[in-house]
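User: Please take a close look at the nonpolar core of this protein, and then say what surrounds that topic, including the pocket.

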Amino acid sequence: GGFLQKMAGALDKKGIFNFVAGSGAVAAGKAIADKIIDTVKDIFQKAKLFYDFNIEIEEARRLTREFIGVEGQQLTELSSSISAISKQTGHEYKEVLNSVDTLIKQYGITWQEAIDVIKDGIQAGADENGTFFSQIKEYAPAFRDAGVEVQDLVALITQTRSGIFNEQGMALIQTATERIRRFSTQTQKALDGIEAKIGRAV
């Protein structure tokens, strides 16, 4: 009924004006409401992203503190460096952190030196096949025992990508080093036993 009455009133000029104005007010009100809703949604979305971002940063700092044992400005700088490498390579933050931790522990270098070595490797193409960080974790202990310097380790990993040196060669060095380590341990035990026997005989 109300709609028909509006249509009837639209027969004169004043009625037409009132009908259009009324319809326009409803449309304008709906547009404003939609705009407000969109704005609120956008605010909530940005707030959520900000919250998630801060949670992510805090978790990264916690892991870095736990793994490397740094605090204050060093913690901030190291976390930022690892985050930048993570974003650049597409690897998880923790995977990059593990590699830094491995190099520090195996080679006795500083975190800044570990970061620099990793950056040099990336620049040289060591991660083109996506295995750079896993190879650091896998090969660093054996290659350190074999007397291979950290820069040379990264160079060898880079060469596996280029085909100059393959992963089978890396694995052979790793296996040989582990065997030497076991042999050395067994030999030392045997020598200790011999010394003990000699000591008793004397």
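Analyst: What follows treats the core, one aromatic pair and the pocket in turn. This is a predicted model, in which local features need pLDDT of at least 70 and side-chain atom pairs count only at pLDDT 80 or more, while totals for chains, interfaces and linings use all residues. Residues are numbered from 1 along each chain as its sequence is written, and side-chain values use heavy atoms, with hydrogens and water left out.

The secondary structure comes to eight helices and zero strands, where helices (H or I, at least four residues) and strands (E, at least two) are DSSP runs numbered from the N terminus. Of the 202 residues in the protein, 28% are buried, a term that means under 20% relative accessible area, with exposed over 50% and partly exposed in between (1.4 Å probe, protein chains only).

A nonpolar core is a set of buried Ala, Val, Leu, Ile, Met, Phe, Trp, Tyr and Cys residues joined through side-chain atoms within 4.5 Å. The largest one here has 37 residues, and those with the most contacts inside it are I68, L103, I118, F132 and L153. Two or more residues of this core come from each of α2, α3, α4, α5 (111–123), α6 (132–145) and α7 (150–162). Leaving aside residues up to four places away in sequence, L103 touches G108, I109, A114, V117, I118, I136, V150 and L153, contact meaning heavy atoms within 4.5 Å.

F132 counts as buried because its relative accessibility is 0%, and F133 likewise counts as buried, at 1%. The structure holds two aromatic pairs. In the pair formed by F132 and F133, the ring centres are 5.3 Å apart and the planes stand at 50 degrees, so the pair is tilted; rings of Phe, Tyr and Trp (its six-membered ring) pair if their centres lie within 6.5 Å, and planes under 30 degrees apart count as stacked, over 60 as edge-to-face and the rest as tilted.

Turning to the pocket, the largest one holds about 320 Å³ of space. Its lining has 16 residues, and E56, I57, A60, S83 and Y93 are the closest to its centre. A pocket is an open set of points on a 1 Å grid over the protein atoms alone where a 1.4 Å probe fits, with protein on both sides within 12 Å along at least five of seven lines, and lining residues have an atom within 4 Å of a point. α2 (13–68), α3 (72–89) and α4 (93–107) each give two or more residues to this lining, and α2 gives the most, with seven residues.

Technical notes
Grid points are joined across faces, edges and corners, and a volume is the space filled by probe spheres set on the points.
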